[in-house]
Every structure is written in C-alpha cells, then in structure tokens.
Amino acid sequence: KTITENGTYNMLEDKTVTVDLPNLLSGVLDKSISGDLYLDTEFDFLPREMFMNCENLRSINLPNFSGEVLSDTITGALNLEEFLVPNAKSVTRISFTDTPKLKKIDIRNVTQIGQFCFRGAGMLEYPVILLKPVDFSHSDYVAISAKEVRMCKEPTFIRSGTFSRPVYNWYLGFSEERAAELGFPWGASQMKSVHYNVIFDEEGNIIDEGDGPSQP
C-alpha cells in the first residue's frame, strides 16, 4: 500500500489502518502494516524500532527524511526488499539485522555508518552508492555485502575489516595508490573487479569508468 496522505487504508483483508501523517512519525508502526510504504513528508527523526518486526512490508521509501536511522529501526523486517532514504545523514549500529530479503538500499548521502549495521542482511543486488566521505565504524565491521559498491569519495575513516563480507564489484572515485593506503578492500571477499578514478555525476551514476577493471 502506498501512503501519501491522511486517511483510512485497507492494509490487510481484515485490517484497516487510519493514518495521520504527523502522528505516523511519533512511534512504532502497527506490525500488520504491509506492502509498500511511501511517505513524502519532510522530517528528520525516525523513532527507534519504528519498523522493527514489520514482517509484511516490502518497501520503505522516505525521500525527504534527512536525519539518522537509529539502532533496530529496521530489524526483523523479514520480507523487506528495499529501504530508500536518499537524504538520510547516518545509519547507526545494528540497523538492518534480520532483513534477509533486502535487495536495495539508498543511503547515498550518509556520512556515518555504524558497527554491525548490515549484519543479518542479505547480499544487496543494486549498487550501494556513497556520494560523500563516510566515517565507518571505529570499533568493528559494518557487514555490507553487495554486488556493487560505488564509493565516490575517500572515506573519512575506514578499518581494514570494515566490510567483512562479499562485495563483487567496486567503483572508487580515487586512485589505486590511495585505495591501498586506506587498506582496500577492507575485509571484503569474493571481489571480481575494481575500477579506480571513476567519475560520477551528482546522483552517483557512472560517467567515466576510470582505470580498470582490474581483477584480484
């Protein structure tokens, strides 16, 4: 179900939900909510555990959310396939635990990703785009697994084991020498190719593939 305005919605055959958009942001959702949630409201705060154990949601799209995704916000969304928050500033620790069907995330403008953030999530099938310099967890890995990662800017902090899971293809907006200095591939395994000095547009689309691909 796509929700864009106040009203009463049939979320399941035997369940209706009355939505007041400002109040939707004030607490945890009814766990029976299902389908696709689209909320075009401008806001900067998501309650902790807001989507926790919402097992029937397939998609969450919050294009104008500009705050922090807190711990356990998405945990237990067993059938969630996409989480789109392109203007979020950060995602904190253990945000996506137990989201095995997650295929697509849009966190392109975050500048901070916390420890164990994607532990328990599946391999992301769509490119993970990071437009800005990211401060990755200082204390442990973040466990992103993806078919493709586009890191447009050098990270402000990254550990040797930050990724710790399979990442197949890399597109980096800086040189091979600089990537080596930063400890690339940061614990990721099963690498198939990497491009350096890639040029991206403001949305993270690839304009020039730069140097590569090189293979391990």
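1. Rings of Phe, Tyr and Trp, the last taken by its six-membered ring, count as an aromatic pair if their centres lie within 6.5 Å. By that rule, a search of the whole structure, which is a predicted model, finds 11 aromatic pairs.

2. One of these pairs is formed by Phe-43 and Phe-65, whose ring centres are 5.1 Å apart and whose planes meet at 40 degrees, so the pair is classed as tilted. The two partners come from distant parts of the chain, 22 residues apart, with Phe-43 in strand 4 (residues 43-45) and Phe-65 in strand 6. Both Phe-43 and Phe-65 are buried.

3. Another pair joins Phe-184 and Tyr-196, with 6.2 Å from centre to centre and 75 degrees between the planes, which makes the pair edge-to-face. Phe-184 lies in the loop between helix 2 (176-181) and strand 15, whereas Tyr-196 belongs to strand 15 itself, 12 residues away. Is each partner buried or exposed? Phe-184 is buried because its relative accessible area is 15%, under the 20% cut-off, and Tyr-196 is buried because its value is 7%.

4. Phe-184 and Tyr-196 also belong to one aromatic cluster, together with Phe-136, Phe-163, Trp-170 and Trp-186. Leaving aside neighbours within four places in sequence, Trp-186 is in contact with a list of residues that includes Phe-163, Trp-170, Met-151, Leu-172 and Ala-179.

5. The largest nonpolar core holds 54 residues, and those that touch the most other members are Phe-51, Ile-113, Met-151, Phe-163, Trp-170, Leu-172 and Trp-186. Several strands each supply at least two residues of this core, among them strand 5, strand 6 (65-69) and strand 13 (146-151). A second, separate core of 6 residues includes Leu-131, Tyr-171, Val-198 and Phe-200. In soluble globular proteins, nonpolar side chains tend to be buried together.

6. Strand 5 (residues 56-61) pairs with strand 3 (residues 34-38) in the parallel sense over 5 bridges, and in this pairing Gly-35 stands opposite Leu-57. Strand 5 also runs parallel to strand 7 (residues 82-84), to which 3 bridges join it, and here Asn-61 stands opposite Leu-84.

7. Two lysines deserve a separate look. The charged end of Lys-192 sits over the ring of Tyr-168, 4.1 Å from its centre, while that of Lys-104 sits over the ring of Tyr-126, 5.0 Å from its centre.

8. For the protein as a whole, there are 2 helices and 18 strands, and buried residues make up 51% of the 216 residues. The accessible surface comes to about 9,800 Å², of which 43% belongs to carbon and sulfur atoms.

Key
Residues are numbered from 1 along each chain as its sequence is written. This is a predicted model: local features need pLDDT of at least 70, side-chain atom pairs count only at pLDDT 80 or more; totals for chains, interfaces and linings use all residues. Side-chain values use heavy atoms; hydrogens and water are left out. Two strands pair if DSSP finds at least two bridges between them. Helices (H or I, at least four residues) and strands (E, at least two) are DSSP runs, numbered from the N terminus. Buried means under 20% relative accessible area, exposed over 50%, partly exposed in between (1.4 Å probe, protein chains only). Accessible areas come from the Shrake-Rupley method with a 1.4 Å probe; for residues, only the protein chains shown count as cover. A nonpolar core is a set of buried Ala, Val, Leu, Ile, Met, Phe, Trp, Tyr and Cys residues joined through side-chain atoms within 4.5 Å. Contact means heavy atoms within 4.5 Å. Rings of Phe, Tyr and Trp (its six-membered ring) pair if their centres lie within 6.5 Å; planes under 30 degrees apart count as stacked, over 60 as edge-to-face and the rest as tilted. A charge sits over a ring if NZ of Lys or CZ of Arg is within 6 Å of the ring centre and within 35 degrees of the ring normal.
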